[in-house]
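Please work through the exercises below with the sequence and the three-dimensional view side by side. Each task is followed by a solution that goes step by step.

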Amino acid sequence: MPTQDKTRRLPSQSINQDITSLHGLQTVSTYDTTRADASVANLQQAYQTMLTQQQAETEKLTLYRAATDAARLAEWEFHNAVLAMKEVIRGQYGSDSDQAQAVGLKKKSERKRPSRRKSVAMA
């Protein structure tokens with residue numbers, strides 16, 4: 001039997017087939033095995049553990065998504081606050097001030113003036 005790659009998730013179709021097989025096994029009243037990993041009690045325990053872990057995963061994914069949304073909104077609020085601060089600096093001290101340069105704005109006098117392009121005569 002080839003080694004199993006347990007780093008990837010099983011397809012949901014396989015899990016659904018396994019659940020169907022477990023429910024089908026419950027109709028077989030004469031099932032008895034000496035293998036501990038294939039016993040009915042072990043199968044029921046593994047099924048319950050899977051359901052519990054899937055529920056925990058869903059809850060944590062929900063919390064993760066909520067935390068992601070909160071962080072994204074906080075980033076936008078911070079960004080908008082910085083933009084507002086830059087507008088206040090520009091309004092209070094002027095576009096050509098050292099204070100404007102201190103907060104990351106380019107001084108108006110240091111901007112390169114646009115140059116006219118010579119139009120090329122079309123033949």
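## A loop residue and its patch

In this predicted model, Y31 lies in the loop that runs between α1 (12-25) and α2.

**Exercise 1.** Find which residues form a nonpolar patch on the surface together with Y31, and state how much accessible area the patch has.

*Solution.* Begin with Y31 itself, which has a relative accessible area of 33% and is therefore partly exposed. A residue must have over 30% relative accessible area to be counted in a patch, and Y31, at 33%, meets that condition. Its partners in the nonpolar patch are V28 and V40, and the three residues together have about 220 Å² of accessible area.

**Exercise 2.** Compare the reach of helix α2 with the span expected at 1.5 Å a residue, and then describe the phi of G94.

*Solution.* First take the extent of the helix: α2 covers residues 40-93, which gives it 54 residues. Next take its reach, which is 79 Å from the first C-alpha to the last and so close to the 80 Å expected, where the expected span is 1.5 Å times one less than the number of residues. Finally, move just past the end of α2, where G94 takes a positive phi of about 100°.

**Exercise 3.** Locate the salt bridge between R72 and D69, and explain how the positions of the two residues in helix α2 are related.

*Solution.* The side chains of R72 and D69 meet at 3.1 Å, N to O, which is within the 4 Å allowed for a salt bridge. Both residues belong to helix α2, and because they are three residues apart there, about one helical turn separates them. As for accessibility, R72 is partly exposed at 41%, and D69 is also partly exposed, at 36%.

**Exercise 4.** A search of the whole structure finds four salt bridges; for the one between D37 and R35 and the one between D98 and K107, decide whether each partner is buried, partly exposed or exposed.

*Solution.* Recall that buried means under 20% relative accessible area and exposed means over 50%, with partly exposed in between. In the salt bridge of D37 and R35, whose side chains meet at 2.9 Å, N to O, D37 has 45% and is therefore partly exposed, while R35 has 53% and is therefore exposed. In the salt bridge of D98 and K107, whose side chains meet at 2.6 Å, N to O, D98 counts as exposed at 53%, whereas K107, with a relative accessible area of 14%, is buried.

Note on methods
Residues are numbered from 1 along each chain as its sequence is written. This is a predicted model: local features need pLDDT of at least 70, side-chain atom pairs count only at pLDDT 80 or more; totals for chains, interfaces and linings use all residues. Side-chain values use heavy atoms; hydrogens and water are left out. Helices (H or I, at least four residues) and strands (E, at least two) are DSSP runs, numbered from the N terminus. Patches are made of residues with over 30% relative accessible area and no salt bridge: like charges are joined within 9 Å, nonpolar side chains (Val, Leu, Ile, Met, Phe, Trp, Tyr) within 5 Å. Accessible areas come from the Shrake-Rupley method with a 1.4 Å probe; for residues, only the protein chains shown count as cover. Buried means under 20% relative accessible area, exposed over 50%, partly exposed in between (1.4 Å probe, protein chains only).
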